[in-house]
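Colleague: I have a new model open and want to learn how to read it. Can we walk through it feature by feature?

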Amino acid sequence: MILTTDRTVLRPFRDEDATALYEFSRLHQVADAAGWPPHQSVEDSLRVIRSVFASPHVFAVTDRETGTLLGSAGFVGRSRGGYGPDDELGYSLDPRWWGRGIMTEVCRRLIFYGFEEMGLSAIWGTCYDGNDRSRRVMEKCGFQKMFSEMLEDDLGTHLTHFYLLLRPAAGEEELWRNT
Ligand SMILES: CC(C)(COP(=O)(O)OP(=O)(O)OC[C@H]1O[C@@H](n2cnc3c(N)ncnc32)[C@H](O)[C@@H]1OP(=O)(O)O)[C@@H](O)C(=O)NCCC(=O)NCCS
């Protein structure tokens, strides 16, 4: 599946992306915020491409004009229940591209994809306390903060904020369809 936005093409990852993926996934400023250990080598990135990123709902974010890999984004395959079919949106971007609205643009397209193509009723997003860039992406996409809790993962224990976006009711789809 290939999705497009004004500035990006979202496509499946391929093995050849490993070097470019490693270049930004080795950085603490990306990995620590995203909640996974920094990639240690190109081989490490290749393993991620062939495992976590092999899901049909995870996309390589590429520059629409040059094809350069900018980041990763997609649904991580985690359900929290309670609102019908649901999944969690995750994303990371090469810091050279931060602050230009790119991930907000990408997430809006993925939200549309999640509701329309995956048939989701609810989309979750999470971020560690202090990850204001990610928080803003979710807020700009219409997510509402639901709760916060201390969460333990590979990197330790963090105060984590949970955000939710429900599929709009009939007649209110323009909120996300026209973004
Ligand atoms: C989170 C991330 C994907 C954001 O991508 P991006 O394309 O830079 O995001 P956008 O430009 O669409 O939006 C970023 C927002 O954060 C704001 N922002 C930028 N720097 C900020 C800072 N230091 N403090 C608070 N907000 C900041 C921007 O102003 C923008 O909000 P605005 O449009 O209201 O001004 C990127 O920073 C990243 O990859 N971070 C590391 C991995 C990560 O955190 N992943 C998410 C895990 S939950």
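Colleague: How many of the 10 residues of E7 are buried?

Modeller: This is a predicted model, so read everything here as computed. The number buried in E7 is 0 of 10, so the strand lies largely in the open.

Colleague: What does E7 pair with, and in which sense?

Modeller: With E8, in the antiparallel sense, over 9 bridges. The two strands form a hairpin with 2 residues between them. To find the register, look at Leu151: His158 in E8 stands opposite.

Colleague: What is the strand order in the whole sheet?

Modeller: It is an open sheet of 8 strands with mixed pairing, ordered E1-E2-E3-E4-E5-E6-E8-E7. Strand E1 (3-4) and strand E7 (144-153) stand at the edges. Each has a single partner strand, so one side of each is left without a neighbour in the sheet.

Colleague: Which sense do E3 and E4 pair in?

Modeller: Antiparallel, over 5 bridges, between residues 58-63 and residues 69-75. Use Ala60 as your marker: its bridge partner in E4 is Ser72.

Colleague: Which strands does H4 lie across?

Modeller: E1, strand E2 (8-11), E3, E4, E5, E6 and strand E8 (156-166). H4 runs at about 155° to E5.

Colleague: Now helices. How are two packed helices described?

Modeller: By the angle between their axes and the distance between the axes. Take helix H1 (residues 18-25) and helix H3 (residues 42-50): the angle is about 110° and the axes are 8 Å apart. That makes H1 roughly perpendicular to H3.

Colleague: Which residues in H1 and H3 meet?

Modeller: From H1, Ala18, Thr19, Leu21, Tyr22 and Ser25; from H3, Val42, Ser45, Leu46 and Ile49. By class, this contact has 6 nonpolar, 3 polar and no charged residues.

Colleague: Which residues in H1 are buried?

Modeller: Start with the general idea. An α-helix has 3.6 residues a turn, so residues three or four places apart point the same way. In H1, the buried ones are Ala18, Leu21, Tyr22, Phe24 and Ser25. Their cover includes H2, H3 and E4.

Colleague: Last, the ligand. Which residues come nearest?

Modeller: Ala33, Met103, Thr104, Asp132 and Arg136, out of 21 around the ligand. Elements giving two or more residues to this shell are helix H2 (28-34), strand E5 (86-93), helix H4 (102-116), strand E6 (122-128) and helix H5 (132-140). H5 gives the most, with 5 residues.

Colleague: How does the shell split by class?

Modeller: Into 10 nonpolar, 7 polar and 4 charged residues.

Note on methods. Residues are numbered from 1 along each chain as its sequence is written. This is a predicted model: local features need pLDDT of at least 70, side-chain atom pairs count only at pLDDT 80 or more; totals for chains, interfaces and linings use all residues. A residue is near a molecule or strand if its C-beta atom, placed from the backbone, lies within 6 Å of it. Helices (H or I, at least four residues) and strands (E, at least two) are DSSP runs, numbered from the N terminus. Ala, Val, Leu, Ile, Met, Phe, Trp, Tyr, Cys and Pro count as nonpolar, Asp, Glu, Lys and Arg as charged, and the others, Gly among them, as polar. Two strands pair if DSSP finds at least two bridges between them. Two residues are in contact if their C-beta atoms, placed from the backbone, lie within 7 Å. Axes are lines fitted to C-alpha atoms, for helices over the stretch in contact, and angles run from 0 to 180 degrees between N-to-C directions. Angles under 35 degrees count as roughly parallel, over 145 as roughly antiparallel, 65 to 115 as roughly perpendicular and the rest as oblique. A residue is buried if 20 or more other C-beta atoms lie within 10 Å of its own, exposed if 12 or fewer, and partly exposed in between; C-beta atoms are placed from the backbone.
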